Structures are given as structure tokens and as C-alpha cells.
Amino acid sequence: MTDTPRHRVIAPRILYFGTPVALLSTLQEDGSPNLTPLSSAWALDDRLVLGLGMLGQGLENLRRTREAVVNLPSASLWPQVERLAPTTGRFPVPDTKRAMGYQHEPRKFERAGLTPLPSDTVSPPRVAECPLQLEAVLLAAHISTPTPESSSDFVIAELRVTRVHAHEHVTVPDTHHVDVTQWQPLLYVFRHYVGTGPGLGRNFRAET
């Protein structure tokens with residue numbers, strides 16, 4: 001008989017237990033592109049749910065234009081994502097963010113060394129280097145409910161995907177399926193960047 005693992009109670013403040021990294025493309029008021037790295041995202045059918053900080057420029061742009069591209073980088077792009085991590089498109093930088101080390105950066109694509117591509121159904125550009133690029137429109141944005149332990153400083157945004165672009169090398173030829181042996185997403189685990197390991201098996205509903 002195996003021993004029951006010992007447990008300990010830890011603070012629930014940072015529950016990044018393993019989520020995909022995304023780069024949110026939006027447009028500034030002057031029409032220039034903004035890129036927001038985020039690590040709270042999940043999808044079901046053609047719906048995306050994103051967690052966005054209320055002090056970020058990405059959320060402000062998304063609320064104003066109601067359009068975005070959710071770009072999903074591969075694990076190899078983590079250095080480019082990290083170049084964006086301490087930056088914000090908001091000016092002046094909010095005091096809270098400045099105290100955390102954030103700096104204003106109006107040229108996010110150039111800073112990260114990434115390439116903008118025109119989108120088909122929305123105005124913000126796609127990120128050429130990201131193997132998956134999801135054009136989307138905003139359906140709703142909900143302010144998180146504060147609790148005695150934490151303030152409400154983020155928004156839960158629901159988007160509808162209007163078009164999906166994928167690099168050919170991560171797709172199964174002549175299908176609309178992603179080849180999971182080739183697609184290696186970048187994951188954010190307790191504020192560390194990690195990739196995925198070898199495949200373990202397939203669900204009974206898998207079509208490839």
C-alpha cells in the first residue's frame with residue numbers, strides 16, 4: 001500500500017498552475033498596434049475567456065474597439081514574450097504598475113522582435129511568428145468580484161473567435177486539425193515559462 005502524500009496549505013493568490021501564454025493584439029487610439037502578454041485564457045467551441053488586468057492598455061483597447069487577435073506562441077518564443085512582460089502601452093504608467101517595474105513601450109512588436117500581419121475579419125494585426133492566431137470580437141467584460149482577501153483588479157472578458165490562422169507545420173495535411181505532435185505551446189506555470197513533454201495518450205473523441 002502506498003503512503004498518502006503529505007499536504008500543506010498555501011496562499012491562493014497566484015494560481016498559475018499551468019495555463020497557455022497568449023499575446024493579445026489590440027489597436028491604440030492612434031491606430032498603432034499594442035501587444036499584451038497574458039496567462040489566463042481558456043477556450044470552448046468558438047468562445048475564448050481571458051483574464052485581463054484593469055490597469056493594462058490591452059483591456060482599454062479591447063473595450064473601446066471590441067476587436068482583438070489572440071496569438072498563441074510556441075514554447076520557443078518565450079524570450080520574445082518576456083521582453084514584453086515589463087512593458088505597458090498605457091501612458092502615463094499607472095503608479096501601481098510603475099512600482100512593480102513596468103515601463104511605457106509604444107512599439108511592442110519592435111521591442112519583442114515580432115512581425116505584424118494583417119487580419120481578415122478584425123482590425124488589429126496578427127503575430128506572424130505565433131503558430132496559432134485567433135481573430136476575435138468582444139462579447140462581454142465582467143469585473144471580478146472583490147473578496148475580503150483580495151481586491152477586484154481584473155476583468156474576465158468573453159470573446160467570439162471569427163477566424164483561425166495556423167502555421168502549416170502544426171496542422172494535419174488536408175484537414176482542419178492541429179497536429180499535436182508538432183504544436184508545442186508555451187505554458188505559464190507559477191510564473192515560470194515551460195513547454196510540453198511527450199504525448200501521453202488520446203481522448204476517445206480525438207479525430208486524429
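# Exercises on a predicted model

The protein's secondary structure comes to four helices and 14 strands, where helices (H or I, at least four residues) and strands (E, at least two) are DSSP runs numbered from the N terminus. This is a predicted model, in which local features need pLDDT of at least 70, side-chain atom pairs count only at pLDDT 80 or more, and totals for chains, interfaces and linings use all residues. Residues are numbered from 1 along each chain as its sequence is written, and side-chain values use heavy atoms, with hydrogens and water left out.

## Exercise 1: the overall build

Task: work out how the radius of gyration of the protein compares with the globule rule.

Solution. Start with the rule: 2.2 Å times the number of residues to the power 0.38, with the radius of gyration taken over C-alpha atoms. For 208 residues the rule gives 17 Å, and the protein has 18 Å, which is close, so the protein is as compact as a globular protein of that length. Next, look at the extent: the C-alpha trace spans about 60 × 50 × 30 Å along its principal axes. Finally, 36% of the 208 residues count as buried; buried means under 20% relative accessible area, exposed over 50%, and partly exposed in between (1.4 Å probe, protein chains only).

## Exercise 2: the setting of Q133

Task: find where Q133 sits and which backbone oxygens its side chain reaches.

Solution. First, place the residue: Q133 belongs to strand β11. Second, check its accessibility: at 3%, Q133 counts as buried. Third, list its polar contacts (pairs of N or O atoms within 3.5 Å; within protein, one must be able to donate a hydrogen and the other to accept it, and residues adjacent in sequence count only if both atoms are side-chain atoms). The side chain of Q133 reaches the backbone oxygen of C130 at 2.8 Å, and a polar atom of that side chain lies 3.1 Å from the backbone oxygen of V127. Last, leaving out residues up to four places away in sequence, Q133 touches several others, including V69, N71, R163 and H165; contact here means heavy atoms within 4.5 Å.

## Exercise 3: two loop neighbours

Task: decide whether Q28 is buried or exposed, then do likewise for E29.

Solution. Begin with the location: Q28 lies in the loop between β2 (22-27) and β3 (33-38), and E29 is found in the loop between β2 and β3. Now read the accessibilities: Q28, at 13%, counts as buried, whereas E29, at 69%, counts as exposed. The side chain of Q28 also makes a polar contact with the side chain of Q57 at 3.3 Å. Q57 is itself one of the buried residues of helix α1 (residues 57-65).

## Exercise 4: unusual backbone angles

Task: find which peptide bond is cis and what phi is at F190 and R191.

Solution. The bond from F91 to P92 is cis, with omega near 0 degrees, and P92 lies in the loop between β7 (87-88) and α3 (95-99). Then turn to the loop between β13 (187-189) and β14 (192-194), which holds F190. Phi of F190 is near 45 degrees, a positive value in a residue other than glycine, and F190 is partly exposed at 45%. R191 is found in the loop between β13 and β14 as well; its phi is near 65 degrees, and at 53% relative accessibility R191 counts as exposed.
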